[in-house]
Amino acid sequence: MLLGGGGYYVALIPVSAISVDVNPSVELTLNRLDRVIAVEGFNPEGEAPAESLSVTFLPYTSALEAILESEGMSGYLSAGGEVSITVACSDPDRQEALLAGAKSCAQACEGTVTCHGGGAGAMEQAHHAGLSVGKYQAVQELLALDPDITREEAEGMSMAQLRAAIAALSGGEQTGQWGGQGHGHGHGGR
């Protein structure tokens, strides 16, 4: 894709993804310049924000800010919903940099926003299951902790329900990839 008259080419090859999950699940696909090349809603609640937000080709931090400040998402945050942001990338250094940017965006939000890192392998598995990478990792963790719950039941839960079930089954602490490296909280008001 040619942008402007200067002959600059922007790669449209996805190299990382950032999912934003409450009950709406929205995922940003980023190129090698950390700009948004696609926005996808992974459930009916996430389809409307994905279609209405004009964030394509924005830097990912600007896109995250737009999502977190959108009417739909701010409603969840002000109602006490917990938003989960998960960064998935095959390059650990890039993932850490993306995660730092996501945490910075989260700190500016009212409500609770947690940020997590996830591997690129999880991204492919999540998409195959029809889930965002953040929700997929939470579902996987719950399934590992509770052999009595079905995959369908876990996939039907909101992120707050998943987090509560995981905390209850793990003694209040999150374990595994979902609550592991890169976990942080962003709290605050504006």
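Start by selecting valine 87: leaving aside its neighbours within four places in sequence, it is in contact with Ala17, Ile18, Gln95, Leu98, Leu99, Ala102, His116, Gly117 and Gly118. Keep in mind as you look around that this is a predicted model.

**Stop 1: around valine 87**

Colour strand β6 and you will find valine 87 in it. Is this residue buried or exposed? Valine 87 has 0% relative accessibility, so it counts as buried. Now add glutamate 27 to your selection. The two residues are 60 apart along the chain, yet their C-alpha atoms are separated by 9.7 Å.

**Stop 2: the largest core**

Next, look for the largest nonpolar core, which has 27 residues. Those with the most contacts inside it are Val20, Leu28, Leu64, Leu68, Val83 and Ile85, so select these six to see them together. Which elements give two or more residues to this core? They are β3, β4 (25–30), α2 (60–69), α3 (71–78), β6, α4 (92–107) and β7.

Zoom in on leucine 68. Setting aside neighbours within four places in sequence, leucine 68 is in contact with Val20, Met73, Ser74, Leu77, Val83, Ile85, Cys105 and Cys109. Apart from this core lies another, of 19 residues, among them Ala126, Ala154, Met157 and Ala165.

**Stop 3: the two sides of helix α5**

Ala126 leads us on to α5, so select residues 120–129. The buried residues of this helix are Ala122, Met123 and Ala126. Because they cover an arc of only 105° around the axis, they are on the same side of α5. An α-helix has 3.6 residues a turn, so residues three or four places apart point the same way. Turn to the other side of α5 and you meet Glu124 and His128, which are exposed.

What do the buried residues of α5 pack against? Show β3 (16–21), β6 (82–89), β7 (112–119) and α6 (133–145) to see their partners. Just after the helix, pick out glycine 130, which follows α5 and has a positive phi, near 80°.

**Stop 4: where α5 meets α6**

Finally, display α5 and α6 together. Their axes come within 9 Å and cross at roughly 90°, which makes α5 roughly perpendicular to α6. To see the contact itself, select Ala122, Met123, Gln125, Ala126 and Ala129 in α5, then Val133, Tyr136 and Gln137 in α6. Try colouring these by class: the contact has six nonpolar, two polar and no charged residues.

Definitions and conventions. Residues are numbered from 1 along each chain as its sequence is written. This is a predicted model: local features need pLDDT of at least 70, side-chain atom pairs count only at pLDDT 80 or more; totals for chains, interfaces and linings use all residues. Side-chain values use heavy atoms; hydrogens and water are left out. Buried means under 20% relative accessible area, exposed over 50%, partly exposed in between (1.4 Å probe, protein chains only). Helices (H or I, at least four residues) and strands (E, at least two) are DSSP runs, numbered from the N terminus. The arc is that of the directions from the helix axis to the C-beta atoms. Contact means heavy atoms within 4.5 Å. Axes are lines fitted to C-alpha atoms, for helices over the stretch in contact, and angles run from 0 to 180 degrees between N-to-C directions. Angles under 35 degrees count as roughly parallel, over 145 as roughly antiparallel, 65 to 115 as roughly perpendicular and the rest as oblique. Ala, Val, Leu, Ile, Met, Phe, Trp, Tyr, Cys and Pro count as nonpolar, Asp, Glu, Lys and Arg as charged, and the others, Gly among them, as polar. A nonpolar core is a set of buried Ala, Val, Leu, Ile, Met, Phe, Trp, Tyr and Cys residues joined through side-chain atoms within 4.5 Å.
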